Amino acid sequence: MIVDHLDHAERYGTLGPLFQQAFDFLWNNELSTLQTGRYSLVGDALFALVQDYVTKPREQGFWEAHRRYIDLQYLVQGTERIGYAPLHRMRLESHDQERDLSVLQGEGDFLTLTDGCFLLLWPEDAHMPGPQAECASSVRKIVCKIAL
């Protein structure tokens with residue numbers, strides 16, 4: 001897992017062309033005005049999901065991981081706690097191959113993301129997106145899915 005601010009994203013474009021294209025999408029679009037939904041950037045190899053939601057109590061969240069994609073989760077607006085744990089500390093509850101979604105059980109640590117922060121999460125990074133910080137917050141998030 002990598003946590004940083006978009007101001008430092010130029011460091012991570014060197015991870016590969018899909019990473020650079022994902023960051024270019026974040027830099028070159030008016031993210032606050034995009035319609036929610038899926039934006040195909042390089043077919044199924046790279047796409048962005050624009051999401052608007054209200055954070056919720058941690059007890060209402062669940063741990064997840066993905067096998068085919070790296071997540072670049074960028075917080076456009078709002079405050080969100082996000083859980084993180086190494087995948088090897090989790091127990092697999094189910095996996096949906098079509099959605100590339102593993103639902104997990106276990107414990108992890110939480111950090112707070114604010115406007116302009118992003119996370120890079122690899123398949124070995126279990127995470128719980130969506131928990132509230134001090135109180136519920138409206139969040140706009142862009143999740144770029146980068147194929148392995």
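**Figure 1. Strands β7 and β8 pair side by side.** In this predicted model, strand β7 (residues 91-96) and β8 run antiparallel and are joined by five bridges. Look for Arg91, whose bridge partner in β8 is Gln105. Between the two strands of this hairpin sit four residues. Asp100 is worth a glance here, with a positive phi near 50°.

**Figure 2. Strand β8 also pairs with β4.** Strand β4 (residues 63-65) is linked to β8 by three bridges, and the two run antiparallel. To find your way, start at Ala65, which stands opposite Ser102 in β8.

**Figure 3. Is strand β8 mostly covered or uncovered?** Strand β8 spans residues 101-105, and four of its five residues are buried, so to call it mostly covered is fair, as buried means under 20% relative accessible area. Across the protein, buried residues make up 47% of the 148 residues.

**Figure 4. The setting of these strands in the whole protein.** One helix and twelve strands make up the set of elements here, and along the sequence they follow the pattern β-α-β-β-β-β-β-β-β-β-β-β-β. The radius of gyration is 14 Å, close to the 15 Å that the globule rule gives for 148 residues, so the protein is as compact as a globular protein of that length. Its C-alpha trace spans about 35 × 35 × 25 Å along the principal axes. Among contacts between residues at least 6 apart in sequence, 78% join residues at least 24 apart.

**Figure 5. The surface and the charges.** The protein exposes about 7,500 Å², with carbon and sulfur atoms supplying 49% of it. There are 13 positive and 21 negative side chains, and the centres of these two sets lie 5 Å apart.

Key
Residues are numbered from 1 along each chain as its sequence is written. This is a predicted model: local features need pLDDT of at least 70, side-chain atom pairs count only at pLDDT 80 or more; totals for chains, interfaces and linings use all residues. Side-chain values use heavy atoms; hydrogens and water are left out. The radius of gyration is taken over C-alpha atoms; the globule rule is 2.2 Å times the number of residues to the power 0.38. Buried means under 20% relative accessible area, exposed over 50%, partly exposed in between (1.4 Å probe, protein chains only). Contact means heavy atoms within 4.5 Å. Accessible areas come from the Shrake-Rupley method with a 1.4 Å probe; for residues, only the protein chains shown count as cover. Lys and Arg count as positive and Asp and Glu as negative; His and the chain ends are not counted. The place of a charge is taken as NZ of Lys, CZ of Arg, CG of Asp or CD of Glu. Two strands pair if DSSP finds at least two bridges between them.
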